[in-house]
Amino acid sequence: MSNVLTVYYSRKGFNYWNGSIVDLKKGNTQIAAEMVQKAVGGDLLEIRTVKEYASDYRACCEEARQEMREKARPQLKDLPASLDGYDILFVGYPCWCGTMPMAVFSFLEKYDLTGKKIAPFCSNEGSGMGFSERDLKEICKGAEVVQGLSVRGSRTAESEQKIAAWARSVL
């Protein structure tokens, strides 16, 4: 289905995972995004910031909190000129500070999403979707934001059936 785009922001490296800080070779949200794409087809796009976050987990958390306080919109790289060819956007992210990373705000605010269906999915270690669905409805004016899916990050690898069923239900 070529009118589907799965776009995600994910953090590999040092992350909070099942009560500990571990070094992930691939971020949980990336794993979930790949599962979504496998289930529904379409294109896959990673949101990448120009300036990398700190590799140290706690320093990254402080950077994320600072961006949130400032309502920062980090610069992104390698973005498509438009999203006109897509009707459905699966939007994946880790829950940071109770919502999406500011990089996801940067991405979504760049495009006119009128008439598109936005399906959010989020990895977390217990915070659920936080306020992200509310925030999506505020910034995705004219789009239909459907109920999202929360996946416990440390259980992402074993959640493919749940993720795939949810993704197919959005179509």
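The following paragraphs lead through a predicted model, beginning with the annotated domain and then taking up two helices, the salt bridges and some residues of the loops.

According to an unreviewed UniProt entry, residues 27-166 carry the annotation "domain: Flavodoxin-like". Over residues 27-166, helix accounts for 36% of the chain and strand for 21%. The C-alpha atoms at the two ends of this stretch are 20 Å apart.

Helix 2 is a convenient place to begin a closer reading. It comprises 14 residues, from 57 to 70. At 1.5 Å a residue, a helix of 14 residues should span 20 Å, and the end C-alpha atoms of helix 2 are indeed 20 Å apart, so the expected and the computed span agree. The buried residues of helix 2 are Cys60, Ala64 and Glu67. Because these residues cover an arc of only 60 degrees around the axis, they lie on the same side of helix 2. Their packing partner is helix 3, residues 102-109. On the face turned away from this buried side, helix 2 carries the exposed residues Arg58, Arg69 and Glu70.

Both ends of helix 2 have a local feature to inspect. At its start, a side-chain oxygen of Asp56 comes to within 3.2 Å of the backbone nitrogen of Arg58. Just after the helix, Lys71 adopts a positive phi of about 50 degrees.

Helix 4, residues 132-139, can be read in the same manner. Here Ser132, Asp135 and Leu136 are buried. They cover an arc of only 105 degrees around the axis, and therefore they sit on the same side of helix 4. Among the elements covering these buried residues are strand 7 and helix 3, together with strand 8 (117-124) and strand 9 (144-145). Helix 3 thus appears in both descriptions: the buried residues of helix 2 pack against helix 3, and helix 3 is also part of what covers the buried residues of helix 4.

The charged side chains may be considered next. The structure holds ten salt bridges. One of them joins the side chains of Lys38 and Glu160, with an N to O distance of 3.1 Å. This pair links distant parts of the chain, for Lys38 belongs to helix 1 (residues 28-40) and Glu160 to helix 5 (residues 160-170), 122 residues apart. Lys38 is exposed, with a relative accessible area of 65%, while Glu160 is partly exposed, at 30%.

Another salt bridge connects Arg48 with Asp78, whose closest N and O atoms are 3.0 Å apart. Again distant parts of the chain are linked: Arg48 lies in strand 5 (residues 48-49), and Asp78 lies 30 residues away in the loop between strand 6 (76-77) and strand 7 (88-94). The relative accessible area of Arg48 is 33%, which means that it counts as partly exposed. Asp78 has a relative accessible area of 55% and is exposed.

A further salt bridge returns the reader to helix 2. Arg69, listed above on the face turned away from the buried side, forms a salt bridge with Glu62, the closest N and O atoms being 2.8 Å apart. Arg69 counts as exposed at 52% relative accessibility, whereas Glu62 is partly exposed at 34%. Glu62 and Arg69 are also linked with Arg65 in a network of salt bridges.

Finally, two loop residues merit attention for their backbone angles. Asn18 is located in the loop between strand 2 (13-17) and strand 3 (20-24). Its phi is near 55 degrees, a positive value in a residue other than glycine. Asn18 is partly exposed, with a relative accessible area of 49%. Apart from neighbours within four places in sequence, Asn18 is in contact with Glu125 and Ser154. The C-alpha atoms of Asn18 and Asn124 are separated by 9.8 Å, although the two residues are 106 residues apart along the chain.

The other residue is Cys97, found in the loop between strand 7 and helix 3. Cys97 has a positive phi of about 55 degrees although it is not a glycine. With 39% relative accessibility, Cys97 counts as partly exposed.

Technical notes: Residues are numbered from 1 along each chain as its sequence is written. This is a predicted model: local features need pLDDT of at least 70, side-chain atom pairs count only at pLDDT 80 or more; totals for chains, interfaces and linings use all residues. Side-chain values use heavy atoms; hydrogens and water are left out. Helices (H or I, at least four residues) and strands (E, at least two) are DSSP runs, numbered from the N terminus. The expected span of a helix is 1.5 Å times one less than its number of residues. Buried means under 20% relative accessible area, exposed over 50%, partly exposed in between (1.4 Å probe, protein chains only). The arc is that of the directions from the helix axis to the C-beta atoms. Contact means heavy atoms within 4.5 Å. A polar contact is a pair of N or O atoms within 3.5 Å; within protein, one must be able to donate a hydrogen and the other to accept it, and residues adjacent in sequence count only if both atoms are side-chain atoms. A salt bridge is a side-chain nitrogen of Lys or Arg within 4 Å of a carboxyl oxygen of Asp or Glu. UniProt positions are given in the numbering used here, feature names are shortened, and annotations may be inferred rather than shown by experiment.
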